[in-house]
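Student: I'm new to this structure and would like a close look at one part of it. Pick a single spot, and then walk me outwards from there.

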Amino acid sequence: MLKLEPVSAEPFWLNVLPGVRIQFRPVSVAAMLIARGAAGEALKAGGEQATIEAGAAFTRALAHTGIVAWEGIGDAKGKPVDPDNEAIEQLLELWPAFDAIDRLYVGPALTRLDEKNV
């Protein structure tokens, strides 16, 4: 049985790395469609690593639509920076950050429905 429950639109915090926490919006239908579109474009581009690039594009798109705020992230001089598109891209170029966002934010969004309705 599919259990319909109210969906929270309240942002939430995740500790993604030591000393770094990021506030995310819950993954919405619109965000998921944007991410699927980004993955589809990567697949259309083809190439040897198209499926890997599609997965990365999916995670990047959800990060861009989901990140609201963060703490513990700064520029090269240590000055805190806001999470604009450029800063989010720089963050996602760091493997530990990309991996944590993929595991802690994207992964649960993909499995949430299965876990609640088993």
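Tutor: Let's start with P18, which counts as exposed because its relative accessibility is 82%, and anything over 50% goes in that class. Keep in mind as we go that this is a predicted model. You'll find P18 in the loop between β1 (12-17) and β2 (20-24). Along the chain, P18 and P96 are 78 residues apart, yet in space their C-alpha atoms are 11 Å from each other.

Now look at the two strands on either side of that loop. The charged end of R21 sits over the ring of W13, 4.0 Å from the ring's centre.

The strands also bring us to the aromatic rings. How many aromatic pairs does a search of the whole structure find? It turns up four. One of them is F12 with F24: the ring centres are 6.3 Å apart and the planes meet at 35°, so this pair is tilted. F12 belongs to strand β1 and F24 to strand β2, twelve residues apart, so to speak two distant parts of the chain linked by one pair. Are these two residues buried or exposed? F12 is partly exposed, because its relative accessible area is 29%. F24, with 0%, is buried.

F12 has another partner too. Its ring and that of Y105 have their centres 6.2 Å apart with planes at 45°, so this pair is tilted as well. Here the link runs from strand β1 to helix α4 (residues 95-116), with F12 and Y105 lying 93 residues apart. Y105 counts as buried because its relative accessibility is 3%, and the cut-off for buried is under 20%. Put these rings together and you get one aromatic cluster made of F12, F24 and Y105.

From there, move over to T59, which lies in helix α2. T59 is buried because its relative accessible area is 2%. Its side chain makes a polar contact with the side chain of D102, at 2.6 Å. If you skip its neighbours within four places in sequence, T59 is in contact with F98, D102 and V106. As for the helix itself, α2 covers residues 50-66, so to speak 17 residues, and spans 24 Å from first C-alpha to last, close to the 24 Å expected at 1.5 Å a residue. T59 has buried company in α2, including A57, F58, R60, A61 and L62.

Last stop: helix α1, residues 29-45. This helix has 17 residues and reaches 25 Å between its first and last C-alpha, close to an expected 24 Å. Which residues of α1 are buried? They are A31, M32, A35, A39 and A42. These residues sit on the same side of α1, because they cover an arc of only 100° around the axis. The spacing fits a general rule: an α-helix has 3.6 residues a turn, so residues three or four places apart point the same way. On the other side of α1 you'll see V29, R36, E41 and K44, which are exposed. Just past the helix comes G46, with a positive phi near 70°.

Note on methods. Residues are numbered from 1 along each chain as its sequence is written. This is a predicted model: local features need pLDDT of at least 70, side-chain atom pairs count only at pLDDT 80 or more; totals for chains, interfaces and linings use all residues. Side-chain values use heavy atoms; hydrogens and water are left out. Helices (H or I, at least four residues) and strands (E, at least two) are DSSP runs, numbered from the N terminus. The expected span of a helix is 1.5 Å times one less than its number of residues. Buried means under 20% relative accessible area, exposed over 50%, partly exposed in between (1.4 Å probe, protein chains only). The arc is that of the directions from the helix axis to the C-beta atoms. A polar contact is a pair of N or O atoms within 3.5 Å; within protein, one must be able to donate a hydrogen and the other to accept it, and residues adjacent in sequence count only if both atoms are side-chain atoms. Contact means heavy atoms within 4.5 Å. Rings of Phe, Tyr and Trp (its six-membered ring) pair if their centres lie within 6.5 Å; planes under 30 degrees apart count as stacked, over 60 as edge-to-face and the rest as tilted. A charge sits over a ring if NZ of Lys or CZ of Arg is within 6 Å of the ring centre and within 35 degrees of the ring normal.
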